[in-house]
Amino acid sequence: MSRVDAVWRRRRRRETRHLLVSVLPGALWIFIFLVLPSAYLMSVAFMTNGGFGQPQMPLTLDAFRNLAGFGFLGWSPGNLYTLWRSIFQSVISLALVVMVAYPIAWYISMCRPRLRAIMLLAVVVPSWTNQVIRAFGWMNLLSPGTPLSTLAENMGLIAPNMGLFPSDFAVTLGLVYNFLPFMVLPLYAAFEKLDHAQIEAARDLYASPLRTFFVAVLPQTLPGLLAGSVLVAIPAFGMYVIPELLGGGRSQMLGNLVASQFGEAANWPLGAAGALLMLLATLLGLVILRRMGRRLGGGTEMVI
């Protein structure tokens with residue numbers, strides 16, 4: 001019996017070593033390049049801003065007070081406006097992306113198998129281009145004198161010779177265009193597993209198209225919808241490039257505020273406090289989406 005135990009122990013030790021050799025490089029990579037920088041960033045948020053913008057001791061909550069708008073000249077709502085604009089733009093962009101992605105994903109899933117790959121490729125290929133290049137493309141399309149701006153002027157939506165860029169509309173359009181593939185792909189995967197018998201049953205019971213969608217389609221595609229919502233809403237909340245280029249400095253979001261504090265504003269603790277706020281908002285969004293999925297019947301397929 002002792003020989004069997006010894007052999008078993010040696011086998012367990014060998015399997016443990018193999019597991020450590022397999023997992024250790026990835027764990028070290030995550031610890032060095034993700035955990036340590038995040039821990040340092042969190043510590044910087046509680047430090048004092050030095051004379052040249054570098055964090056220094058002692059520990060303080062001044063960065064969070066500044067983030068809330070309190071400064072040496074009193075209170076200013078500028079940072080709160082930036083936070084509200086980030087929340088508003090991410091929510092509006094998410095809603096528009098869902099409205100556009102649902103019919104696209106449904107149509108692709110109903111096409112012939114040969115066409116599905118081509119159509120999915122057409123959805124994904126624009127995201128292969130650099131985000132800055134795509135933003136410059138929209139800048140050219142929405143500038144004054146372009147057909148889209150001229151049409152908006154003729155409809156009385158904008159003042160003459162103003163153009164659709166830079167504006168909040170341009171930022172919203174850029175966010176929708178940028179994150180649309182991240183919603184279409186999860187929804188398409190959900191539509192691939194759709195039980196069409198439930199849709200036929202709803203129609204046989206004289207349900208309206210809208211009622212059929214909410215009763216038979218939405219519960220089955222909810223896992224894909226929530227996964228896509230995470231991929232869209234969270235990056236949109238902290239977006240930097242699109243508000244910087246398409247907003248023209250008028251539509252600053254939280255990502256722009258954080259970047260400016262680490263750059264020209266030279267206030268690292270305030271930038272770290274903004275980044276920490278983005279992290280907390282991300283975690284809060286994940287919790288809300290997960291609870292919504294459970295209440296709406298996401299079942300065991302929920303992945304968030």
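## Two domains and a bent helix

In this predicted model, the C-alpha centres of domain 1 and domain 2 lie 38 Å apart. Where do those domains run in the chain? The domain assignment puts domain 1 at residues 1–45 and domain 2 at residues 90–296.

So how do the two parts meet? Here's a quick look at the interface of domain 1 and domain 2.

| Item | Value |
|---|---|
| Residues of domain 1 in contact with domain 2 | 5 residues |
| Residues of domain 2 in contact with domain 1 | 7 residues |
| Area buried between domain 1 and domain 2 | about 470 Å² |
| Share of that area from carbon and sulfur atoms | 86% |

On the domain 1 side, Leu41, Val44 and Ala45 supply 74% of the area buried against domain 2, more than any other three residues. As for charged pairs, 0 salt bridges turn up across this interface. The count of residue pairs in polar contact between the two domains is also 0, with both residues required to be at pLDDT 80 or more.

Salt bridges do appear elsewhere: the whole structure has 3. One joins the side chains of Asp62 and Arg65, at 2.6 Å from N to O. Both residues sit in helix H2 (residues 62–67), 3 residues apart, or about one turn of the helix. In general, an α-helix has 3.6 residues a turn, so residues three or four places apart point the same way.

Now for helix H7, which covers residues 168–192. Its 25 residues should span 36 Å at 1.5 Å a residue, and the end C-alpha atoms are indeed 36 Å apart, so the two values agree. Where does H7 bend? The bend is at Phe179, by about 45°, and a proline, Pro181, follows within four residues.

Methods
Residues are numbered from 1 along each chain as its sequence is written. This is a predicted model: local features need pLDDT of at least 70, side-chain atom pairs count only at pLDDT 80 or more; totals for chains, interfaces and linings use all residues. Side-chain values use heavy atoms; hydrogens and water are left out. Helices (H or I, at least four residues) and strands (E, at least two) are DSSP runs, numbered from the N terminus. The expected span of a helix is 1.5 Å times one less than its number of residues. The bend at a residue is the angle between axes fitted to the seven residues ending there and the seven starting there. Domain bounds come from an automatic or database domain assignment. Contact means heavy atoms within 4.5 Å. Buried area is the accessible area (1.4 Å probe) that two parts lose on being put together, summed over both. A salt bridge is a side-chain nitrogen of Lys or Arg within 4 Å of a carboxyl oxygen of Asp or Glu. A polar contact is a pair of N or O atoms within 3.5 Å; within protein, one must be able to donate a hydrogen and the other to accept it, and residues adjacent in sequence count only if both atoms are side-chain atoms.
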